[in-house]
Amino acid sequence: MEPIKRVTAPTLDVLAALLAADGPTWGLLVIKATGRQAGTVYPILERLEQLGWIRSSWDDDAERSGPRRRLYEFTGDGAVAARGLVDDRDDAARAAARTTGAARPTNRPVTS
């Protein structure tokens with residue numbers, strides 16, 4: 001597994017969506033979970049697969065009508081690395097919220 005050279009917000013969103021999924025998931029669900037465009041999500045999925053973070057396979061559900069779905073899931077090392085990156089992002093967001101906490105509105109009346 002190779003490291004991600006440039007970790008962007010969309011990449012972190014895709015990693016978080018895959019971590020939140022209960023097993024293999026298809027691209028459209030990742031798109032819906034992240035709110036990102038297909039033109040953003042699918043290239044990220046492709047890069048993650050090339051780096052060895054995830055693997056993909058074609059859904060073989062013969063009962064389902066429509067085109068086949070490509071399913072994505074983490075490799076063992078990919079899941080561990082993704083969890084670390086997403087946790088780091090969440091920790092940074094919490095730290096930023098604490099530093100700006102003084103700017104939160106209060107119920108006190110404003111006096112001049």
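How many Å should the 14 residues of H3 span at 1.5 Å a residue, and how far apart are its end C-alpha atoms? In this predicted model, the expected span of H3 is 20 Å, and the end C-alpha atoms are 20 Å apart, so expectation and model agree. Helix H3 covers residues 38–51. Its buried residues are Val-41, Ile-44, Leu-45, Leu-48 and Leu-51. These buried residues line one face of the helix, because they fall within an arc of 130° when H3 is seen down its axis. Gly-39 and Gln-50, on the other side of H3, are exposed. The cover over the buried residues of H3 includes H1, H2, E2 and E3. After H3 comes Gly-52, which has a positive phi, near 90°.

The protein chain as a whole contains four helices and three strands. Read from the N terminus, its elements follow the order α-β-α-α-β-β-α. The chain has 112 residues, of which 27% count as buried. Contacts between residues at least 6 apart in sequence were also examined; 57% of these join residues at least 24 apart.

The three strands make up an open sheet with the order E1-E3-E2 and antiparallel pairing. E1 and E2 are the edge strands, each of them pairing on one side only. Strand E1, residues 25–26, is joined to E3 by two bridges, and the two strands run antiparallel. Within this pairing, Trp-26 has Leu-71 of E3 as its bridge partner. Strand E2, residues 54–58, is joined to E3 by five bridges, again in an antiparallel arrangement. Here Ile-54 has Phe-74 of E3 as its bridge partner.

The largest nonpolar core holds 19 residues. The members that touch the most other members are Val-14, Leu-15, Leu-18, Leu-45, Leu-48, Trp-53 and Ile-54. At least two core residues come from each of helix H1 (9–20), helix H2 (27–34), helix H3 (38–51), strand E3 (70–74) and helix H4 (76–99). Two of the residues named for the core, Leu-45 and Leu-48, also belong to the buried set of H3. Ile-54, likewise named for the core, is the residue of E2 that is bridged to Phe-74.

Leu-15 illustrates how the core brings together separate parts of the sequence. With neighbours within four places in sequence left aside, Leu-15 is in contact with Ile-4, Leu-48, Trp-53, Phe-74, Ala-82, Leu-85 and Val-86. Among these partners, Leu-48 is one of the buried residues of H3, and Phe-74 is the bridge partner of Ile-54.

A polar residue, Ser-56, was considered next. Ser-56 lies in strand E2. With a relative accessible area of 17%, Ser-56 is buried, because the cut-off for this class is under 20%. Its side chain makes polar contacts with two other side chains: that of Glu-49, at 2.7 Å, and that of Arg-70, at 2.8 Å. Beyond neighbours within four places in sequence, the residues in contact with Ser-56 are Glu-49, Arg-70, Leu-71 and Tyr-72. One of these, Leu-71, is also the residue of E3 bridged to Trp-26 of E1.

Definitions and conventions. Residues numbered from 1 in each chain as written. Predicted model: local features only at pLDDT ≥ 70, side-chain atom pairs only at ≥ 80, totals over all residues. Heavy atoms only, no water. Core = buried A, V, L, I, M, F, W, Y, C linked by side-chain atoms within 4.5 Å. Buried < 20%, exposed > 50% of the residue type's maximum accessible area, 1.4 Å probe, protein only. Contact = heavy atoms within 4.5 Å. Pairing = 2+ DSSP bridges. Polar contact = N/O pair within 3.5 Å; in protein donor to acceptor, adjacent residues only side chain to side chain. Expected span 1.5 Å × (residues − 1). Arc of directions from axis to C-beta.
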